[in-house]
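User: Please take a close look at the open sheet of this model, strand by strand, and then at the helices and loop residues around it. I would like the criteria behind each term to be stated as you go.

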Amino acid sequence: MPIIEPEFMELTRDLDLEAFWEENDRCQGFTADKPRCSLSFSPDDHWLFEFFEVPSTLRYYFDKPYRDQLHREANRVTLEYVGRAFFDEDTWEHSPKRIENLFGCEFTYVEGGTPWLTPVTDDPDVFSRILDQAEKTDLRTWALPEPFLREWEQRRSEGKPLPGLGSGSRGPATIMTSVLHPETVFFWLYDYPDLMRRFRDLLAEKMVELNLVLREFSGRSAPGWWITDDNCALFNKKLYREFCFPVLEKVLNTLAPGDAYRYQHSDSAMGHLLDMQRELGINSVNYGPTVDAGLIREKMPDALINGQMPPMLLRNGSPEEIKERIISDFHKAGARGGLNVTTAGSLAAGTGVGRMRWMMKVVQDCCRYRG
C-alpha cells in the first residue's frame, strides 16, 4: 500500500490540485512579478521502492514491463493525491555509455539496493594504463552500443519521442570518487599528483567529446548543462580549485556557453565551495540541507535556489516544523523571486503524498508576493 498519512490529508482537505498547478505554471522564473513561489518534487527510485514496499529491486532494474507497471501505479497514486505524474511509463532498456565507463567503472547491482559504480583499481600503474586506453578510445564508435542503437531505431520507426542526449552528467568530484575509491583519490592527490592531474585533464577532454557525440547523434542543439556532484563536499577549497574547477570550467564553457542553463545538485555540505560555484556561472542550484538558504543567496545572488527543505524534515517533521522551515527559507532567499521550494536533494524514501500535499498548501498560503 502507498504511504498516504491521514493527519496530513486532513490538514489539506481543501487543497485544489488543479488550481495549485495551474497557478504554479505562472510562478516560474527569477522574478517577484508572479503570484507566489513555485514548487516542485523529485521522487526517484529510492522513494518508489519504499512507497510501495517493492519486493525486488533487481527485478525493477532488469524487467522493463515490471518497471513500467510500477511507474504507472505510482503515477496513478500521485495524480490522485498530488496532481502530478513523475515517472516515465515507457522506460528504456538500454542507454549510451557513461563517462565513468570510459575509465573501466561499471555498475554493481544487489538485491534491496540501488546500483552503484564500482571503483576499478587501487594500483597507480594499472590506472595509468586505464588512462592510456581511455585516451586512445574513439568515442564515436564506443559511446553508442548496438543494443541502444537498435532500441533507438525501433522507437524512431514507431514514432515515439526521442530524447535529446548530452545535457548533463555527474560532476568531476563524484566521477573521480566513483572510478577510484574516495580514500584512493585523496591519497593519490598527494602521492601521485601528476597521475591525478592527467586524470583531471583527460576527464575534461573526454566529457566534452562524449557529450558532443551524444548531442550530434540525438540532434540536440540547445545549450545548457546539469551537474550532480554529491561528493564535491569531500574536496577542500584548494583541492576543488585544482582538480574539479578546471573540469567544470571546460565543460560549461563548451556545452553551456554564455548565459545558458548551468545547474548543480549536491546533497552534501558543500557551502565552502559557493564562491567557486558562482565563479563558474552556476545559475540554478539544489544544495544539501545543511547549506543555509541565506548563505546561498548571499554568495550566489543571481542563482535560482531549488530547495532548501531538508528531505528528512519533510518525511519526519511535524506540520508546524515543516511550515516554519518553508517560511524561513522564503524569507531568506525568496524576496526577489529566485526560490523554487523543493527538497534539498531528492524526496526522501518514506515520504508520503500527505506530506507532499502539506508542502504544497504551505507554499500556496505562506509564500505569496504582493501584487
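Analyst: What follows starts with the basis of the values, goes through the sheet, and then turns to helices and single residues.

The model is predicted, so local features are given only at a pLDDT of at least 70 and side-chain atom pairs count only at pLDDT 80 or more, whereas totals for chains, interfaces and linings use all residues. Residues are numbered from 1 along each chain as its sequence is written, and side-chain values use heavy atoms, with hydrogens and water left out.

The sheet is open and has seven strands in the order β1-β9-β8-β7-β6-β5-β4, with parallel pairing. Strands here are DSSP runs of E with at least two residues, and helices are runs of H or I with at least four residues, numbered from the N terminus; two strands pair if DSSP finds at least two bridges between them. The edges are formed by β1 (38-39) and β4 (168-170), each of which pairs on one side only.

From the β1 edge, β1 pairs with strand β9 (residues 339-343) in the parallel sense over two bridges, and L39 stands opposite V341 in β9. Strand β8 (residues 304-309) is largely enclosed by the rest of the structure, because five of its six residues are buried, where buried means under 20% relative accessible area, exposed means over 50%, and partly exposed lies in between, using a 1.4 Å probe and protein chains only. Q308 is found in this strand β8, and the peptide bond that leads from G307 to Q308 is cis, with omega near -5°. Strand β7 (residues 284-286) pairs with β8 in the parallel sense over two bridges, with S284 opposite L304 in β8.

On the other side of β7, three bridges join it to β6, and the two strands run parallel; here Q264 stands opposite V285 in β7. In a regular strand the side chains alternate between the two faces of the sheet. In strand β6 (residues 262-265), R262 and Q264 point one way and Y263 and H265 the other way, and all are buried. Strand β5 (residues 225-228) pairs with β6 in the parallel sense over four bridges, and the bridge partner of W225 in β6 is R262.

Helix α14 links this description of the strands to that of the helices: α14 lies across β5 and β6 and runs at about 155° to β5. Two packed helices are described by the angle between their axes and the distance between the axes. Axes are lines fitted to C-alpha atoms, for helices over the stretch in contact, and angles run from 0 to 180 degrees between N-to-C directions. Helix α12 (residues 193-218) and helix α14 (residues 245-255) pack at an angle of about 25°, with their axes 8 Å apart. The two are therefore roughly parallel to each other, on a scale where angles under 35 degrees count as roughly parallel, over 145 as roughly antiparallel, 65 to 115 as roughly perpendicular and the rest as oblique. The contact, meaning heavy atoms within 4.5 Å, includes L203, M207 and V208 of α12 and V247, V251 and L255 of α14. Its residues divide into nine nonpolar, two polar and four charged, with Ala, Val, Leu, Ile, Met, Phe, Trp, Tyr, Cys and Pro taken as nonpolar, Asp, Glu, Lys and Arg as charged, and the others, Gly among them, as polar.

Helix α18 (residues 319-333) and helix α19 (residues 353-366) pack at an angle of about 45°, with their axes 10 Å apart, and are therefore oblique to each other. In this contact P319, I322, K323, I326, I327 and F330 of α18 meet R355, W358, M359, V362, V363 and C366 of α19, a set that divides into 10 nonpolar, no polar and two charged.

Two loop residues complete the picture. F103, in the loop between α6 (99-102) and β2 (106-108), counts as buried at 0% relative accessibility. Not counting residues up to four places away in sequence, F103 touches V120, I130, L131, A134, V179, F199, L202 and L203. D88, in the loop between α5 (64-81) and α6, counts as partly exposed at 41% relative accessibility, and with the same exclusion of residues up to four places away, D88 touches D68 and H71.
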